[in-house]
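Me: I am new to this structure. Please take a close look at a single part of it, the open sheet in chain B and what packs on it. Then set that part beside a few other places.

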Amino acid sequence: MKKGGFQRSSTKRASRRRVIAFGAGAIAFISSFGGSGAHAEPPLIFGLTPVFLTNDLELLTKLKAYLSRKTDREVQLVQRRTYEEITALLLSGQLDGAWICGYPFAQFRQQLSLIAVPVWRGKPLYQSYLIAPKGRPVTGIDDLKGDIHAFSDPNSNSGYLVTASLLAERKLRPDQFFRKVIFTYGHRNVVRAVASGLAQSGSVDGYVWEVMSSIEPELTAKTEIVSVSELLGFPPIACLKTQRLSEGVELLHQALIEMAQDNDGKHVLNMLRLDGFADEPETLFDSIAAKMMLVRGLGS
Amino acid sequence: MNQEIVVSRLDPTTWPLSFKVPLLVAVLMFAVSAVVSNRVLSRLEDSQEQNLQQLASAYLDGLSASLIPSVSRADVWEVFDTLDRSRERYKGLNIRWTIVTNIEGKILAASDPANYPSDTAAEKTTLAHFADSKEVTLDAGNATAFLMRPLSYQDREIGKIYAEADIGSLLQERRDVFRTLLVTNLLLTLLLATVGYLAIRRMIRPVRIMSFHLDQASQGKIELIPEGVVTRQSSEFRRLFSRYNILSQAVNEREFLSVQLAEEEKVASLGRLASGMAHEINNPLGGMFNALDALKKHGTREQVRVTSIRLLEHGLMGIRDLVRSTLASYRADQRPRDLTMADLDDLRLLVKPEAKRMGLKLEWKNEIAEAVHVPAVPVRDAVLNLLLNACASSAENGSVKFHARVESGALVVDVTDQGGGLPAHVREYLERDGAGSVPLDKRSGLGLWIVKRLCDEINGKLIVVKSSASGTIIRLKVQPKPLELRNAA
């Protein structure tokens, strides 16, 4: 699942705070993707969790170029290994926006606002897949008991929460149901873990699995879908609620919403296999919030 | 007989030099190439093992540096991910699989999780190939190298890396080098053996020339090596050939002198014969002169006249017989004719004076009834010389026996003396075919050499039937000439 968020930093205070933060040496942990440095305005800092595609660098370069051109601002892309790290950066105001997952959005709904929600196959929705090695005779989660199970990230909706909630319905925690759980911190890694036999089953973002099946069919061919969740809100681009109306976040919002109408934007969307970005209500993530509550109720 | 030939062929000492030397060169080349190949392969093996050790160390160094944080956190995915990615980086090592275990010996992750599942104990059979004390253990038979490295963090062992590498390509390279060495050495050896064979053949050509001439010489034809051939040789063989030619000339001269000596001996024999004959004639001559005196003085008396005439007649008859046999023996007409009984009996008259002079008793037994188809003159000469030799050898008051007969068509003459026996070399000389081409030796008389030469001329055989301190029996056996040859003659 990807998360993202564009932070709108319209207030000078927020902008100043961010500039100070970076000026104080935060650059050390911010990936630099070669901004021109010619913009007078402070750069827009946009956070990303590890992207699933193999040609990440190309995608990031093109995304950054599109956003820079569209916002007329220098754009810095920040990547971290886990959702938790990106979410922490976002919540601490070090990012203007970030592409996060629905689960962290539901967790920090009070502090976060939506900038835009990706549209895939015409809807701002996706599913979580339970996968197993190809040919394994399993039909549902109950057949996976005692497995080594691969999750993507403990803060991922499709890569953890959906399966955990299924087990919570059975009053079980993942560590009780599975023999061992491993976190691979990447949906593609979940597919790799299951395809190689490291894990006997895995929880993966359905959107990522589908895109991988067209890009790396030899890898997904070694896996098969055991069960599919209901449709859930697609990982959104979010920002701090306090910065939603800032100029920078608004520029990001505009750039994302208009991406489908721009040639460079279309190219980026094609690489992401998305239709575009749309404004969606926060209620889109209510079902995820419900799952979260269910799992929290079990104490996991 | 055949077996003897086979044994002799298998005996390397009997093989020709032109075969033995190239064979020796080839064997030595094989030995040298085997030693060199062994050294090359040994060095290659060392170098490959060293290279493998270095590669393995680099692999384990890189891997352990990446793995230690993940292993210390028991992060299954990170361990797997590190192993999976390292496969691309260390292609030169051809790793089949890698296992990382924790301190309890449980598999954290393996590059091949399907065969080595995580969270299971590593099987003892799998780990049995890894030596605890060695980082790299080789199993050339299975073309496999086993790599092991403990993982330590803050001076504490937290796990181990086990890896199995396919070293088939290294072994294949070794086999390729071995094959190349083998083929190259084989071809080189064959080439050198061929060159050696041809060179040796060329080098020993003078030996063959010398051998040919020595063979010829042993058959009685001592020929000099032509000067042109001598000058073409290397200095050593030129010297050898020159010395051979000098030697041959000396031998030829010696033979010439021997022939001359033989002639002289013949003349001497003739002198002895003449002396004997004179003595034989002298005896009746005395009686005849007495008879003549008696006739002169008392010829009128019937009794005296008759007796004197009888004595004269007997004396003249004895002289006539002696002259006749001498004429038969030494007449100029030497045309081949068959041997008759009389030819041999004549010899009795010729030998008798010598036997008498030596005080020997002559026992004569001639069983030749009709002519034998052997050449009369050389046979008579040979037998005469045998008889004279027997007379010379026999002790005083001894006897010399003569016995002639025909056995299976062949003429057989035994001459027996009562001498002290023949020396072994003389016996061997008489019995060896073709020995008559050269004289016997300085110590022996020429008589036997003449006998041997005559015998060789008529294809006769001399057999020493007995040779002891009490006497010797020498047998002359002459086969009759074939019919065609007789007709032609």
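Reply: What follows starts with the sheet and then moves to a helix pair, the chain contact and two loop residues.

The model is predicted. Keep that in mind throughout.

Start with the sheet in chain B. Five strands form this open sheet, in the order S7-S9-S10-S12-S11. The pairing is mixed. Strand S7 (361-366) and strand S11 (461-468) of chain B are the edge strands, and each pairs on one side only. On average, neighbouring strands of the sheet are turned by 10° against each other, direction ignored.

Now look at one edge. S7(B) pairs with strand S9 (residues 399-407) of chain B in the parallel sense, over six bridges. Here B:Trp364 stands opposite B:Phe402 in S9(B).

Two helices belong in this picture. Helix H10 (residues 341-358) of chain B lies across S7 and S9 of chain B. H10 runs at about 180° to S7(B). Helix H11 (residues 376-393) of chain B also packs on the sheet. This helix touches S9, strand S10 (410-417) and strand S12 (471-478) of chain B. The direction of H11 makes about 15° with that of S10(B).

Chain A offers a helix pair. The axes of helix H2 (residues 56-71) and helix H11 (residues 263-272) of chain A come within 9 Å and cross at roughly 150°. H2(A) is therefore roughly antiparallel to H11(A). The crossing is left-handed. From H2(A), the contact takes residues including A:Leu59, A:Leu63 and A:Tyr66. From H11(A), A:Val268 and A:Met271 are among them. By class, this contact has six nonpolar, two polar and three charged residues.

Next, the two chains meet. Eleven residues from chain A and nine residues from chain B make the contact. On the side of chain A that touches chain B, strand S9 (180-183) and helix H7 (187-196) of chain A are the elements that give two or more residues. That side has five nonpolar, four polar and two charged residues.

Last, two loop residues. Most residues other than glycine have a negative phi. A:Tyr185 has a positive phi, near 50°. A:Tyr185 lies in the loop between S9 and H7 of chain A. A:Tyr185 is buried, because 23 other C-beta atoms lie within 10 Å. B:Asp119 also has a positive phi, of about 65°, and is not a glycine. B:Asp119 sits in the loop between strand S2 (107-110) and helix H4 (124-127) of chain B. B:Asp119 has 15 C-beta neighbours inside 10 Å, so B:Asp119 counts as partly exposed.

Conventions. Residues are numbered from 1 along each chain as its sequence is written. Chains are lettered from A and ligands numbered from 1 in the order in which they are written. This is a predicted model: local features need pLDDT of at least 70, side-chain atom pairs count only at pLDDT 80 or more; totals for chains, interfaces and linings use all residues. Two residues are in contact if their C-beta atoms, placed from the backbone, lie within 7 Å. Helices (H or I, at least four residues) and strands (E, at least two) are DSSP runs, numbered from the N terminus. Ala, Val, Leu, Ile, Met, Phe, Trp, Tyr, Cys and Pro count as nonpolar, Asp, Glu, Lys and Arg as charged, and the others, Gly among them, as polar. A residue is buried if 20 or more other C-beta atoms lie within 10 Å of its own, exposed if 12 or fewer, and partly exposed in between; C-beta atoms are placed from the backbone. Axes are lines fitted to C-alpha atoms, for helices over the stretch in contact, and angles run from 0 to 180 degrees between N-to-C directions. Angles under 35 degrees count as roughly parallel, over 145 as roughly antiparallel, 65 to 115 as roughly perpendicular and the rest as oblique. A crossing is left-handed if the near helix is turned anticlockwise from the far one by less than a right angle, and right-handed if clockwise. Two strands pair if DSSP finds at least two bridges between them.
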